[in-house]
Amino acid sequence: MGTKIKVENLTKTFYLFDKDWKVLRWIFTGRGYKKTRETLKNLSFTVDDGEVVGLIGVNGAGKSTLMKIIAGITYPTSGKITVEGKVGALINLSAGFNPDYSGRKNIYYKGTIMGMSRTEIDEIIGDIEEFVDLGEYFDRPVRMYSSGMSARLGFALAVYCNPDIVIIDEVLAVGDKAFQEKSKTKVKELFRAGKAVIFSSHSDALIERFCSRVIYIKDGCIAFDGNVQEGLRLYNEDISKGKSVKAY
């Protein structure tokens with residue numbers, strides 16, 4: 001069993017501006033921002049093969065930012081993160097698609113960016129086409145898609161790329177009810193396939209059912225990392241006592 005994710009002293013700071021033009025000033029001089037917001041503060045942890053780690057905490061605690069850093073969508077301000085293997089990120093599902101490319105061409109385009117070879121994509125393109133069930137739209141430009149159709153495409157690529165690491169943000173609600181059921185079935189397969197999984201949810205039942213460990217993020221810090229039941233107990237105690245942080 002190897003370590004797939006290693007986070008060391010990771011901090012993420014956002015710079016806030018009262019005028020758009022001040023962003024350029026900040027880029028060149030480091031000055032001009034109104035204030036900063038430290039969303040993640042000195043986080044350290046590892047995730048191994050076969051671990052399904054539940055990420056819990058209130059909205060605004062920093063969970064989504066952490067998952068985006070692991071997925072390579074954004075970067076830490078300081079600290080280090082090491083990710084070993086291919087990441088299937090079920091967050092920002094339609095991000096990275098070229099609106100002028102067809103759904104089929106976008107699978108090749110985004111799959112290549114993810115590090116897949118054309119041969120690897122050739123092997124899964126038929127399964128993806130069947131799974132997304134977009135009919136003739138699969139070969140039409142993505143700019144003609146609804147947001148739900150684009151999300152279907154992103155979901156299918158994330159689960160069919162045979163990822164070593166799976167990042168799942170909240171409950172899946174992509175497409176119609178039939179597609180949602182199909183999506184949940186596919187995600188359960190990934191949970192049981194020995195992947196390294198980080199799963200964010202506000203559902204205690206889902207966390208207890210699938211996760212082998214929880215990390216409780218509170219105000220950008222790790223408040224607890226360990227046993228599922230103990231982590232949920234501490235989290236729910238904080239909620240009931242009004243100790244949870246407010247959403248940003």
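Student: How many strands does the open sheet have, and what is their order?

Tutor: Six strands, in the order 5-6-7-3-8-9. The pairing is mixed. Keep in mind that this is a predicted model.

Student: What holds strands of a sheet together?

Tutor: Strands of a sheet pair through backbone hydrogen bonds, either parallel or antiparallel.

Student: Which strands are the edge strands?

Tutor: Look for a strand that pairs on one side only. Here strand 5 and strand 9 (221-226) fit that description. As for the turn between neighbours, the average in this sheet is 15°, with direction ignored.

Student: Take one pair. In what sense do strand 6 and strand 7 pair, parallel or antiparallel?

Tutor: Parallel. Strand 6 covers residues 165-169, strand 7 covers residues 196-200, and five bridges join them. To find the register, start at Val-166, which stands opposite Val-197 in strand 7.

Student: Which strands does helix 2 lie across?

Tutor: Trace residues 63-71. Helix 2 lies across strand 3 (52-56), strand 5, strand 6, strand 7 and strand 8 (213-218). Against strand 6, helix 2 runs at about 150°.

Student: And helix 8, at what angle does it run to strand 8?

Tutor: About 25°. Helix 8 spans residues 228-241 and lies across strand 3, strand 8 and strand 9.

Student: Now helix against helix. How do I read helix 4 and helix 6?

Tutor: Check axis distance, then angle. The axes of helix 4 (residues 118-132) and helix 6 (residues 177-191) come within 10 Å and cross at roughly 140°. Angles over 145 degrees would count as roughly antiparallel. Helix 4 and helix 6 are therefore oblique to each other.

Student: Which residues make that contact?

Tutor: Helix 4 gives Glu-130, Phe-131 and Val-132. Helix 6 gives Phe-179, Lys-182, Ser-183 and Lys-186. By type, the contact has three nonpolar residues, one polar and three charged.

Student: Next, the largest pocket. What is its volume, and how many residues line it?

Tutor: The volume is about 400 Å³. The lining has 17 residues. Ala-71, Val-87, Ala-89, Lys-110 and Met-114 lie nearest the centre of the pocket.

Student: Which elements supply at least two residues each of that lining?

Tutor: Strand 5 (87-90), helix 3 (103-113) and helix 5 (147-160). Sort the lining by type and you get eleven nonpolar residues, five polar and one charged.

Student: Last, the backbone. What is phi at Asn-42, and where does this residue sit?

Tutor: Look for positive phi outside glycine. Phi of Asn-42 is near 55°. Asn-42 belongs to strand 2 (residues 35-48). Asp-219 is not a glycine either, and its phi is positive, about 55°. Find Asp-219 in the loop between strand 8 and strand 9.

Conventions: Residues are numbered from 1 along each chain as its sequence is written. This is a predicted model: local features need pLDDT of at least 70, side-chain atom pairs count only at pLDDT 80 or more; totals for chains, interfaces and linings use all residues. Side-chain values use heavy atoms; hydrogens and water are left out. On a 1 Å grid over the protein atoms alone, a cavity is a set of points where a 1.4 Å probe fits but cannot get out, and a pocket is an open set with protein on both sides within 12 Å along at least five of seven lines; lining residues have an atom within 4 Å of a point. Grid points are joined across faces, edges and corners, and a volume is the space filled by probe spheres set on the points. Helices (H or I, at least four residues) and strands (E, at least two) are DSSP runs, numbered from the N terminus. Ala, Val, Leu, Ile, Met, Phe, Trp, Tyr, Cys and Pro count as nonpolar, Asp, Glu, Lys and Arg as charged, and the others, Gly among them, as polar. Two strands pair if DSSP finds at least two bridges between them. Axes are lines fitted to C-alpha atoms, for helices over the stretch in contact, and angles run from 0 to 180 degrees between N-to-C directions. Contact means heavy atoms within 4.5 Å. Angles under 35 degrees count as roughly parallel, over 145 as roughly antiparallel, 65 to 115 as roughly perpendicular and the rest as oblique.
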